[in-house]
Amino acid sequence: MQNHRSAPAWGITLPLPGLTIDRHRFLVERLPELGYSDVWSAEGGGTDAFTPLAATAAWSPHLRIATGIVPVHTRGPAVLAQTAATLAQLAPGRVLLGIGASVPAHVTDINGIPFDEPFKRTRDVLRFLTAALRGEHVAGEFDTFSITGYRLPHPPTEPVKVILGALRPGMLRLGFTEGDGAITNLLGAQDLPKVLDAVGPQPPGKELVVKVFVCPTEDTAYAHRASRPFLAWILNREPYRKFHQWLGNGELLAETHKRWADGDHEGAQRALPDEVVDTLFLSGSPEECREQILRYQQPGVTAIQLYVSLPPEVFTSRTRLLDTLARLGPTAR
């Protein structure tokens, strides 16, 4: 059965780049009136995923709080279950736990943890969490770890959805067959039908979240300078390289892949075609960005997660920041 929700939820990724988490309370308190229903956070090499969500739960009694994503290698399965269950005490029925394989740069390079069998590890952690968050006693051998025995002392009173960061068909199918859905990112709106086809029929209650990167400024040169280093870095991680090959963008990205492999990282940035930069990191006025974001509102998409990179001048005024997000958001007129 396909999910026919008329309009997906919209969320903002916190912290906003350039603004420490302690300076977000005024924003979190205003997000619902701007039309946003979710606050998302992620975990890689900067802010941890859970502290911003705990702060959000304290600052707002209404927003859904969600991770997108937490790597499955860098936190133990029971720690993930404990953390999600603790958040659920602060925000019952409003917690969505997004987990995923991440990339070796976040797992091995900065944490010293082998990036072994990412698909199996993600599957095993998903199976552990699904059982543990229901309050079940979990014990036994998984392919990638063993559990002597664990049961949450205070399982969530209302369900915590567990979704997978997913790019290609195998992980997408796993998210929908054994989890509560998937979150995908770094793709154009024109690429979504291929993802939706790979997912297949979506049972009611499952989530397909699309993370969209956006830099709301009419200064195209600034937007490109702000986004090219990140895009060159992430598109040359193996999971994203294979993802874009599957999407049919291998030829477009061939030169940046070659230069990156040769150690020419600045050259890899320059080799990114403008059309790729403009597709994967939207820019323009807030209204122009909003029109591009609306193209992701396709049948089957349940939530849009915005990663918003704001020009420095927007941070000079709270009023200006809120106005920018209002014009960008789902209820703008």
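In this predicted model, Ser102 sits in the loop that runs between strand 5 (95-100) and helix 4 (104-109). The backbone here deserves a second look: phi of Ser102 is near 65°, a positive value in a residue other than glycine. With a relative accessibility of 16%, under the 20% cut-off, Ser102 counts as buried. A companion case is Leu186, located in the loop between strand 9 (181-185) and helix 7. Leu186 is not a glycine either, yet its phi is positive, at about 55°. Its relative accessibility is 1%, and Leu186 therefore counts as buried. As background, most residues other than glycine have a negative phi, and most peptide bonds are trans.

Peptide geometry offers further points of interest. Leu14 and Pro15 are joined by a cis peptide bond, with omega at about -5°; Pro15 belongs to the loop between strand 1 (9-13) and helix 1. A cis bond also links Gly68 to Ile69, where omega is about 10°. Ile69 lies in the loop between strand 3 and strand 4 (70-71).

Strand 3 (residues 64-67) brings us to Arg64, which is part of that strand. Although its side chain is a charged one, Arg64 has a relative accessibility of 16% and so counts as buried. What does the side chain of Arg64 join in a polar contact? The partner is the side chain of Glu207, at 3.1 Å. Beyond its neighbours within four places in sequence, Arg64 touches residues from several parts of the chain numbering, including Ala9, Ser37, Asp38, Val39 and Trp40. Arg94, Leu96 and Ala303 are also among the contacts of Arg64, as is Glu207 itself.

Strand 3 also contributes to the surroundings of helix 2 (residues 51-59). Within helix 2, the buried residues are Pro52, Leu53, Ala55, Thr56, Ala57 and Trp59. Their cover includes helix 1 (25-30), strand 2 (38-41) and helix 3, along with strand 3.

Helix packing can be followed at two sites. Two packed helices are described by the angle between their axes and the distance between the axes. Helix 3 (residues 77-90) and helix 5 (residues 118-132) have axes that come within 10 Å and cross at roughly 45°, and the two are therefore oblique to each other. Their crossing is right-handed. On the helix 3 side, Pro77, Ala78, Leu80 and Ala81 take part, meeting Arg121, Val125, Phe128, Leu129 and Ala132 of helix 5. By character, this contact is made up of 8 nonpolar residues, 1 charged residue and no polar ones.

The second site pairs helix 6 (residues 169-177) with helix 7 (residues 192-199), whose axes are 8 Å apart and pack at an angle of about 55°. Helix 6 and helix 7 are therefore oblique to each other, and helix 6 passes helix 7 in a right-handed crossing. Here Pro169, Leu172, Arg173 and Phe176 of helix 6 meet Val195, Ala198 and Val199 of helix 7. The residues of this contact comprise 6 nonpolar and 1 charged, with no polar member.

Finally, Glu255 is located in helix 10 (residues 250-261). Is Glu255 buried or partly exposed? At 35% relative accessibility, Glu255 counts as partly exposed. The C-alpha atom of Glu255 is separated by 6.1 Å from that of Ala271, a residue 16 places away along the chain.

Note on methods: Residues are numbered from 1 along each chain as its sequence is written. This is a predicted model: local features need pLDDT of at least 70, side-chain atom pairs count only at pLDDT 80 or more; totals for chains, interfaces and linings use all residues. Side-chain values use heavy atoms; hydrogens and water are left out. Axes are lines fitted to C-alpha atoms, for helices over the stretch in contact, and angles run from 0 to 180 degrees between N-to-C directions. Helices (H or I, at least four residues) and strands (E, at least two) are DSSP runs, numbered from the N terminus. Angles under 35 degrees count as roughly parallel, over 145 as roughly antiparallel, 65 to 115 as roughly perpendicular and the rest as oblique. A crossing is left-handed if the near helix is turned anticlockwise from the far one by less than a right angle, and right-handed if clockwise. Contact means heavy atoms within 4.5 Å. Buried means under 20% relative accessible area, exposed over 50%, partly exposed in between (1.4 Å probe, protein chains only). A polar contact is a pair of N or O atoms within 3.5 Å; within protein, one must be able to donate a hydrogen and the other to accept it, and residues adjacent in sequence count only if both atoms are side-chain atoms.
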